[in-house]
Amino acid sequence: MLVEDNLNDIDLTLAALEEHHLANEIVVARDGAEALDYLYSRGKFAGRADGPPAVILLDIKMPKVSGLEVLRQMKSDPLLSTLPVVMLTSSREEPDLAASYALGANAYVVKPVDFQQFVDAVRQIGVFWAVVNEPPPRTAIQ
Amino acid sequence: MPLRDLPIRRKLMLILLLTSAVVMLLMRASFFTYEYLTFRRETMRQLSTLGEVIAANSTAALAFDNQDDAREILTALKANRHLVAAALYDGSGRLFAGYPASRPSAAFPATPGGDGFHFEQSYLSGFQPVTQREHRLGTLYLQLDTGVVMREWLWGSVQIALVLMAVIVGVAYLLSRSLQKQVSQPILALAETARAISERKNYSVRATKLGADEVGRLTDAFNQMLGEIQVLNRDLERRVLERTAELEAANGELNRSRAVFESIFENLPGLFLVLKPDLTIVTASDAYLKATMTTREKVAGQKLFDIFPDNPAEPDATGSSNLRSSLGRVLETRATDNMAIQKYDIRGPDGVFEERYWSLVNSPLLGVDRQVEYLIHRVEDVTDFVRHKPSADGDPDAMRIKLEQMEAEIFQSSQKVQASNQQLRSANAELESFSYSVSHDLRAPLRHIDGFAGLLGKSDGKQLSEKGRGYLVHISDSAKQMGTLIDDLLVFSRMGRSEMNLGPVDMRQLADETAQTIQRQEAGERKIKWKLGALPVVQGDRPMLRQVFVNLIANAVKYSRPREEAEIEVGLFDEKHEWVVFVRDNGVGFEMQYAQKLFGVFQRLHRAEEFEGTGIGLANVRRIVTRHGGRTWAESVLGSGATFYFSLPKNPGVKT
């Protein structure tokens, strides 16, 4: 799942994932509120059939509900706290890093300006979290 | 005087005399006993002999019954004047003749008793048989008065004893006189020495040893003790002297500081009076004395209200009673009491009272037991103020208005201060959010430019001309370049804003670590000759100072790249007030006319194709060094290397 408000970033991220054939199962949320709706299967996602995502790529700076707030709500809810969350952001600022880890982020990746490096980073995240990593058992989530 | 209190000399003599007298008496007693026994035996023998002679002579008279002869024979006994009685009994036991003739016959024993003599009280008497050829004719009775003899003998014996005693005691006295000296003299000498020492306290005196006996040993021990006492005494005296000197010094110091404090107090610019709780004046500052027209001598030790009475010309004066109740409150509450302005007239030296107004504050000075030890009475002469402000004088409303105005002014200016503080805070916050935006929002579009340029190249690159593909590369490079610039600018801004964590920093260790890291990054592609000198341990922010070395050494390595072997030296100048660290290279150098530009943000002296970089490194160096209270400068000759200097104060008053 990708939570990102910027269309350009969505395009670039999906392009990077596509290069490695990882883009087919991506759910995109355009802000924090939408992401929470999806995770809790409410609003326009009420009664959705698919299970929880293997990993959430979460931007910090978003309208309505920020990435850090999404992270806070997820990690304080026992139903969602085991879902791996990777912060994927432009911010290299120390307060953001510190807050993310304090709230329980599983990883923190700064989007590189260099597209090739960005592609590499997204590929590594996708391969690791969607392929290499064993997700938490479903019983722990539902 | 009891025996034990007698002087040893007398004791010894007494012992000797007593001993010899007792010995003499014992000897005399035994001798006397012997003599007495001998005397008795001898007297008995003599009487017995005499009896035998008389008995022999009396045989005829008895045989022939011649009483006259018998009497005559007995009368011959007159020669022995101690023989008091004698008698002859005939064979039938009848008294035949008696001696002396005058003695009545009844005074003799009626009949003769058993033969033999025996003592009876002071008399020796007995019976002697008168026999002739075994034929007993009668019995002779003799009675001797031994008392007189005994007394004479006894008297002689006593006389002898007395003379002997006198002689012996005399001899013993003379002997003891000379002999006791052997014993008593050393003891007396020792005692005399001890007395002399205890009287004169002179422990260097030593007792003379007169022999090797017990007293001699005692003398030795005594002298040894004296030696020890002398040493201890000397030590004690030395210590006493030292302590005395210390005490005197401390006393002097105390007096000096006391004088200093007194002088400080007396010269204080305020008007102060110090009181005991019973309102006795202890002292006052010069300013107080001047304002109240008196002298310290006149007030010290006096009661406050004796010195400063109310003006008798003003029976309604309340100054002293108000002051009295204020001081009472201070004593009771142990807290400072501020008084309203008082009219309290002061008596001049000429006895005339002058009108005065005072502002008064009374404070307690508490002792260790939290009790009031002194009262500090501080006043301010507001007479001029009261007189020159007739509008306020006696008009409490005007005063209150004035006060309220002042309070309002103070409130306004504090509001202003708070406002500018607020401005400063919001400016800071703005700066924070600005750099956050730069970090986040400026980089995102750059990333998109590069990203889509990359995607375009991938998807349609083949349809583009050579030139078009070149443009795509330029778009990418420029985007990346701007990303680096933004990152560097953010670092630079953070260097200026972030908090400094000061601690001891080993500069040599930092330089070593940096050189090693850079050497590793060059991965052996470059030949670098390092020359790292001794560097100090300074007080500073370790990560920041590391950044200084990283930038300077990396620059040195970078700009000496055209050299086959780079020579990089890090060294130190130990100045009086600061450390000056330098990093020197043998690189391309720069023209000195641009030296000042080097440390500016984005200032570069070389084209990016020659030497890569954003021009932010030295700006960071300058900012860090400045925040540590130091300076930065550089020297170079174009083409023959450059030296970059930075200084750090030895006694940092760090700017933050």
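How are α3(B) and α4(B) oriented to each other? Hold that while the tour starts; the model on screen is a predicted one.

**Stop 1: α3 and α4 of chain B**

Select residues 146-200 of chain B, which form helix α3, together with residues 214-267 of chain B, which form helix α4. The two helices pack with their axes 10 Å apart and at an angle of about 15 degrees. Angles under 35 degrees count as roughly parallel, and α3(B) and α4(B) are therefore roughly parallel to each other. Their crossing is left-handed. To see where the two helices meet, show side chains for P186(B), I187(B) and L190(B) on α3(B), and for V215(B), L218(B), T219(B) and F222(B) on α4(B). Colour that contact by class: six residues are nonpolar, one is polar and none is charged.

**Stop 2: α12 and α13 of chain B**

Stay in chain B and select residues 507-522, helix α12, with residues 542-559, helix α13. Here the axes lie 9 Å apart and the angle is about 45 degrees. That angle makes α12(B) oblique to α13(B). The crossing of α12(B) and α13(B) is right-handed. On the α12(B) side, pick L510(B), A511(B), T514(B), A515(B), I518(B) and E522(B). Facing them from α13(B) are L545(B), R546(B), F549(B), V550(B), I553(B), A554(B) and V557(B). Coloured by class, the contact of α12(B) with α13(B) shows 10 nonpolar residues, one polar and two charged.

**Stop 3: chain B as a whole**

Zoom out to show chain B in full. It has 656 residues, and 21% of them count as buried. A cartoon view should display 14 helices and 20 strands. Among the contacts in chain B with a separation of 6 or more, 58% join residues 24 or more positions apart.

**Stop 4: two backbone details in chain B**

Which peptide bond is cis, with omega near -10 degrees? Select Y99(B) and P100(B): the bond from Y99(B) to P100(B) is the one. P100(B) sits in the loop between β2 (95-99) and β3 (116-120) of chain B.

Next, go to E134(B), in the loop between β4 (123-132) and β5 (135-145) of chain B. Its phi is positive, at about 60 degrees, although E134(B) is not a glycine. Is E134(B) buried or exposed? Only 12 or fewer other C-beta atoms within 10 Å are allowed for an exposed residue; E134(B) has 5 and is therefore exposed.

**Stop 5: the side of chain A that touches chain B**

Show both chains and select the contact between them. Chain A contributes 16 residues and chain B contributes 15 residues. On the chain A side, the elements that give two or more residues are α1 (7-19) and α5 (115-132). The largest share, four residues, comes from α1(A). By class, the chain A side has five nonpolar, five polar and six charged residues.

**Stop 6: α3 of chain A**

Hide chain B and select residues 67-75 of chain A, helix α3. G67(A), L68(A), V70(A), L71(A) and M74(A) are buried in this helix. Turn the view to look down the axis of α3(A): its buried residues fall within an arc of 160 degrees, so they line one face of the helix. What do the buried residues of α3(A) pack against? Add β1 (2-3), α2 (32-39), β3 (56-58), β4 (85-89) and α4 (94-103) of chain A to the display, since these are the elements they pack against.

**Stop 7: two loop residues in chain A**

Select S41(A), in the loop between α2 and β3 of chain A. S41(A) has a phi near 50 degrees, a positive value in a residue other than glycine. With 13 C-beta neighbours inside 10 Å, S41(A) counts as partly exposed.

Finish at D31(A), in the loop between β2 (28-29) and α2 of chain A. D31(A) has 19 C-beta neighbours inside 10 Å and also counts as partly exposed; a buried residue needs 20 or more. Draw a distance from D31(A) to V65(A): C-alpha to C-alpha, they are 6.6 Å apart, with their positions 34 residues apart in sequence. Leaving aside neighbours within four places in sequence, D31(A) is in contact with D5(A), M62(A), P63(A), K64(A) and V65(A).

How values were computed. Residues are numbered from 1 along each chain as its sequence is written. Chains are lettered from A and ligands numbered from 1 in the order in which they are written. This is a predicted model: local features need pLDDT of at least 70, side-chain atom pairs count only at pLDDT 80 or more; totals for chains, interfaces and linings use all residues. Two residues are in contact if their C-beta atoms, placed from the backbone, lie within 7 Å. Ala, Val, Leu, Ile, Met, Phe, Trp, Tyr, Cys and Pro count as nonpolar, Asp, Glu, Lys and Arg as charged, and the others, Gly among them, as polar. Axes are lines fitted to C-alpha atoms, for helices over the stretch in contact, and angles run from 0 to 180 degrees between N-to-C directions. Angles under 35 degrees count as roughly parallel, over 145 as roughly antiparallel, 65 to 115 as roughly perpendicular and the rest as oblique. A crossing is left-handed if the near helix is turned anticlockwise from the far one by less than a right angle, and right-handed if clockwise. The arc is that of the directions from the helix axis to the C-beta atoms.
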